[in-house]
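Q: Please take a close look at the aromatic rings in this model and at the surroundings they sit in. I would like one connected account that moves from the ring pairs to the packing around them.

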Amino acid sequence: MTRIPTKQEVLDWISANPTLTSKRDIAKAFGIKGADRIDLKRILKELEAEGHLEKRKRSYGDPDRLPPVSVLQVKAPNADGDLFARPLEWHGEGVEPIVLIITRASDPALGEGDRILARLTVVHEEDHNYEARLIRRIGTNPRKIVGIFRKGAEGGRIVPIDKTGQTEWLVHDGAVLGAKDGELVEAEQAGPKNRMGLPRARIVERLGDPSAPKAVSLIAIHQHGIPDDFADKVIAEADKAKPAGLKGREDLRDMPLLTIDPSDARDHDDACYAHADDDPKNPGGHVIWVAIADVAAYVQPGTALDREARKRGNSSYFPDRVVPMLPDRLSGDLCSLHEGVPRACIAVRMQIDADGNKIGHRFVRGLMRSAASLHYAEVQEAIDGAPNDRTGPLLEPVLKPLYAAYAALKKARAVRQPLELDLPERKIVLSEKGEVESVAFRERLDAHKLIEEFMILANVAAAETLIAKRRPLLFRVHEEPAPEKLESLRETAQAAGLNLAKGQVLQTRHLNALLNAAAGTEDAELINLTTLRSMAQAYYNPENFGHFGLALRNYAHFTSPIRRYADLIVHRALISAHGWGKDGLTEDEIMRLDETATHISDTERRSMMAERDTTDRYLAAYLSERVGNEFEGRISGIARFGAFVKMDETGADGLVPVRSLGREFFHFDREAGTLMGSDTGLVIAIGQRVTVRLTEATPVTGGLELELLSIDDQALPRGRAPKGRPTRRKAVSTKRKKDKIKRKVERKRRQR
């Protein structure tokens, strides 16, 4: 007879082998076969009844797992100098987990009794179960400064790089961290501010050359005034937050909701699940669940957390860092739908028919537990026939039903015809040192599109519910293009031999017809870029003006309250509309909706500009080693001072100064968007294919200067240098020549 393991041996196996926890795996590990499996089943049932295990489908897991971000208390160093910590959030039974603190050179010194917030990783070592990496000490949140270090006799000073006129900071000799004169540094306030003299700071990180890649995003953050540190009161409120329980919530913990995100995602704010609809009145239909982290349960109106979130408006994303809207205790922990951890949520159950049309929905305030945290690529690989250990067990019961529902939604999308621009997004890939390794195209898998469609449907459901219940909210508004921009697009299309319908109410299907006609031609990128530039910018508003680009009448942002304040407003409106609690939208907030909408629309644009500037600087740093090389590209813009070129390889935009275009005078036609040479009649216009040479790359500003070598595979003609201002006779002659050239160019393009 085979020896049956003890309960503790079973628990030890499950703890050491979290991916091999099915009854079959456990039986195989202990060599249990045949009738002896009955005894193993009895042991597992007893462990489950005693609360040591919980059954997850066909496997067992430890319910007493620490949160991925936890509060710890530092213990005294052991004989080897290692630092361990006691988890203050441990509420399980049995042996308390052992947590080893992994320190970095930039971390402050920790001592016995210090309370810290740390990010935890499960490990399976002999002397510890978790490894912790410091986020910060609890109760300390020193002010951060980024600036240029100027060395002095007894230390030095830090000159801030922002534009607020802030005073310099004094750094004593023992707090310079070896910084050199002229280096960019990050520092924190050292002690209370003095009444007299300069405030004191301590350098915590040397960022090196101000033009170096590692400094790029910090410079943009400060230049654009994006708040990047939290006040002590905000941190204190976040640290006091406790996980929400089941009271007043619908229990969704048995539903196999999944999060699907990029592989490097720090947080998970949305989860989804779908299955075939069993309602006989809806043959071929589907039920889709979308669950969103219940941020409103932790960030309540009028609190310091709420004021700070509103001030920031949104999170800002850079290639090397994120500036979050909420502190990490919330954004990375309590409001992040981590795998296997109960989390508060607001969820919507949506019913769609076989053609993807939404025929009903309802919202609930619930408690969920993510069945798995997956990333896009592994989900797509599973659907394409290559599942891994994580996606394999989920393929039939969870992933395939998700894709079946998505297939139906695609039918509805094809009928609705939202704007279908084809502009591949480029991704900057950084090394561990913060240097640009490559510039790649972001993948657009069906897994990405699936999540996008589910989120759009949930956003529509939120807007429709609040409209039906006559509750104030913030809509996501995208208005129709301005007539003058449409006319410019129409002229560009005509010059390329294409047509954009005129004399009728413009719809996205008309623009899609133009984009489809251009697809596969040399003018495809030009038409896509010009169409994008003709679009109005989306914004937030308490009034509903519809969403032109998505071809939707009612649209609001509901799915990302971790990173957008607008979504938090919508969550609060739903709470008030359903009577779920006292943390809904207040009268004061309703009175300020106009002001809030304007403010968060501005913060969104601020983040976009900072992100764009950062990308430009990274690209300039990446290309600085290739000065003198030749590149292919396309004219993307025309100005009086020169032409802008978007280079094919990297997507970087560079300037061809008008002074470098030859020895002649160039006339700028704003209306036509052209530069024309007075001697040669050379016309430079948006959309032309060009070859350029990179002559200068300036990482500090992100500027790229180019020399134009050829247009449409034709070498440039060179004219005479202008001698002063052209005479009236010459100006008239030039105008006639210009009109003639324009007509000639237009005829040639139409012939093509």
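A: Two rings of Phe, Tyr or Trp, with Trp represented by its six-membered ring, are taken as a pair if their centres lie within 6.5 Å, and such a pair is called edge-to-face when the planes are over 60 degrees apart. The model examined here is a predicted one, and a search through the whole of the structure finds two aromatic pairs.

One pair is formed by Phe-363 and Phe-558, whose ring centres are 5.4 Å apart and whose planes stand at 85°, so the arrangement is edge-to-face. This pair joins distant parts of the chain, since Phe-363 belongs to strand 20 (residues 358–369) while Phe-558 lies in the loop between strand 25 (539–541) and helix 14 (565–578), and the two are 195 residues apart. Both partners lie under the 20% limit for a buried residue: Phe-363 is buried with a relative accessible area of 7%, and Phe-558 is buried with a value of 0%.

The other pair consists of Phe-641 and Phe-644, with ring centres 6.0 Å apart and planes at 90°, so this pair too is edge-to-face. Here the rings have some access to the surface, because Phe-641 is partly exposed at 48% relative accessible area and Phe-644 counts as partly exposed at 31%.

Aromatic rings also meet charged groups in this model. The charged end of Arg-312 sits over the ring of Phe-230, at 3.7 Å from the ring centre, and Arg-476 lies over the face of Tyr-540, 4.6 Å from the centre of that ring.

The buried pair leads on to the nonpolar packing. Phe-558 is among the residues with the most contacts inside the largest nonpolar core, a set of 94 residues, and the others named for this are Ile-288, Leu-330, Leu-402 and Phe-454. Helix 10 (residues 446–468) supplies the largest share of this core, namely 11 residues. Ile-288 gives a view of the packing: once residues up to four places away in sequence are set aside, Ile-288 touches Tyr-273, Ala-274, Val-348, Arg-349, Met-350, Ile-352, Ala-405, Leu-409, Phe-454 and Leu-457. A second core, separate from the largest, contains 32 residues, including Val-439, Ile-638, Ala-652 and Val-656.

Helix 10 also takes part in covering another element. The buried residues of helix 8 (residues 376–383) are Tyr-376, Glu-378, Val-379, Gln-380 and Ala-382, and what covers them includes strand 14, strand 21 (372–375), helix 9 (395–416) and helix 10. After helix 8 comes Gly-385, which has a positive phi near 105°.

Strand 14 in turn leads to a histidine. His-268 is placed in the loop between strand 14 (258–261) and strand 15 (270–276), and with 11% relative accessibility His-268 counts as buried. The side chain of His-268 makes a polar contact of 2.8 Å with the side chain of Asp-261. Beyond its neighbours within four places in sequence, His-268 is in contact with Thr-259, Asp-261, Cys-335, Ser-336, Leu-337, His-338 and Ser-373.

Cys-335, one of those contacts, is itself buried at 1% relative accessible area, and Cys-272 likewise counts as buried at 1%. As for cysteine sulfurs joined in pairs, a search of the whole structure finds zero disulfides.

Definitions and conventions. Residues are numbered from 1 along each chain as its sequence is written. This is a predicted model: local features need pLDDT of at least 70, side-chain atom pairs count only at pLDDT 80 or more; totals for chains, interfaces and linings use all residues. Side-chain values use heavy atoms; hydrogens and water are left out. Helices (H or I, at least four residues) and strands (E, at least two) are DSSP runs, numbered from the N terminus. Buried means under 20% relative accessible area, exposed over 50%, partly exposed in between (1.4 Å probe, protein chains only). A polar contact is a pair of N or O atoms within 3.5 Å; within protein, one must be able to donate a hydrogen and the other to accept it, and residues adjacent in sequence count only if both atoms are side-chain atoms. Contact means heavy atoms within 4.5 Å. Rings of Phe, Tyr and Trp (its six-membered ring) pair if their centres lie within 6.5 Å; planes under 30 degrees apart count as stacked, over 60 as edge-to-face and the rest as tilted. A charge sits over a ring if NZ of Lys or CZ of Arg is within 6 Å of the ring centre and within 35 degrees of the ring normal. A nonpolar core is a set of buried Ala, Val, Leu, Ile, Met, Phe, Trp, Tyr and Cys residues joined through side-chain atoms within 4.5 Å. A disulfide is a pair of cysteine sulfur atoms within 2.5 Å.
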